[in-house]
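I opened this notebook to record what I looked up in one structure. The entries follow the order in which I consulted the model.

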Amino acid sequence: MSDFELVKCTDLVKWTAFVSSSIHGNKYALAEVISALGCSADYWFINRKGNPVAAIPIITHNSVGQGLPIHSYYVGIMLHPEVTSSKDNRRTECEIAITQFAMEALSLIYDQFELSLHPTMKDIRGFDWFNYHTPQNGRAVISPQYTAISNLQPITNIRDAARGSRRREEKYAFQRESL
């Protein structure tokens, strides 16, 4: 029996507060931005003991096409800061449990839906395990599309992390090519 409960969010002030507090939250998950992109959405909280531990916007209508709005990023599950700040083993356990519950609960409401996960989402097994033993009931289709993230400040950190051959090439370019 799950401790979780799927609850439709009707208070967009609470929604905005949750999105703002989650490391997975961003402006594309805000109700006003989703609306401005020509989409309608249902906003869901996953509660545990009456408190939200995750939030998920589900795009129900896209006036431009189908699925997620174009030029929107990371419109997917957002976890509460208490989950994401847990020790790694506890965080992984929570992520799997929450995502498994989300898939099971949302599949009872929607025939299909799309999520774009934030790059800090560390474990997606909960999505992959959905209907694992009963694939005839529908499985999650996982299409990895990675985002390259690089810390560009300070440049010395990038040089220090580069392979020796790359540092030699840079030194050569400065000395011989007058760069």
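The entries below concern one helix, the nonpolar cores and several salt bridges.

**Entry 1. The model.** I note at the outset that this is a predicted model.

**Entry 2. Helix α4.** I looked up the extent of helix α4 and found that it covers residues 88-107, 20 residues in total. From its first C-alpha to its last the helix reaches 28 Å, close to the 28 Å expected at 1.5 Å a residue.

I then asked which residues of α4 are buried. They are Arg-91, Cys-94, Glu-95, Ile-96, Ile-98, Thr-99, Phe-101, Ala-102, Met-103, Ala-105 and Leu-106. The elements that cover these buried residues include the strands β1 (4-8), β2 (39-48), β3 (51-62) and β4 (78-79). The helices α3 (81-84) and α5 (125-128) are also among the elements that cover them.

**Entry 3. The nonpolar cores.** I examined the largest nonpolar core, which has 22 residues. Leu-6, Ile-46, Ile-56, Ile-77, Leu-79, Ile-98 and Leu-106 touch the most other members. At least two residues of this core come from each of β1, β2, β3 and α4. The most is given by α4, with 7 residues.

I followed Leu-6 further and set aside residues up to four places away in sequence. Leu-6 then touches Trp-44, Phe-45, Ile-46, Phe-101, Ala-105, Leu-106 and Ile-109. Apart from the largest core I found another core of 15 residues, including Phe-18, Val-19, Ala-31 and Ala-55.

**Entry 4. Salt bridges.** How many salt bridges does the structure hold? I recorded 8, and I looked up three pairs in detail.

In one pair, the side chains of Asp-42 and Lys-8 meet at 3.4 Å, N to O. Asp-42 belongs to strand β2 and Lys-8 to strand β1, so this salt bridge ties together parts that are 34 residues apart in sequence. Asp-42 has a relative accessible area of 17% and is buried, whereas Lys-8, with 44%, is partly exposed.

In another pair, Asp-88 and Lys-122 form a salt bridge at 3.6 Å, N to O. Because Asp-88 lies in helix α4 and Lys-122 in the loop between α4 and α5, the pair ties together parts that are 34 residues apart in sequence. I asked whether these residues are buried or exposed; Asp-88 is exposed, and so is Lys-122.

In the remaining pair I consulted, the side chains of Asp-123 and Arg-125 meet at 2.6 Å, N to O. Asp-123 counts as buried at 9% relative accessibility, while Arg-125 counts as partly exposed at 38%.

Methods: Residues are numbered from 1 along each chain as its sequence is written. This is a predicted model: local features need pLDDT of at least 70, side-chain atom pairs count only at pLDDT 80 or more; totals for chains, interfaces and linings use all residues. Side-chain values use heavy atoms; hydrogens and water are left out. Helices (H or I, at least four residues) and strands (E, at least two) are DSSP runs, numbered from the N terminus. The expected span of a helix is 1.5 Å times one less than its number of residues. Buried means under 20% relative accessible area, exposed over 50%, partly exposed in between (1.4 Å probe, protein chains only). Contact means heavy atoms within 4.5 Å. A salt bridge is a side-chain nitrogen of Lys or Arg within 4 Å of a carboxyl oxygen of Asp or Glu. A nonpolar core is a set of buried Ala, Val, Leu, Ile, Met, Phe, Trp, Tyr and Cys residues joined through side-chain atoms within 4.5 Å.
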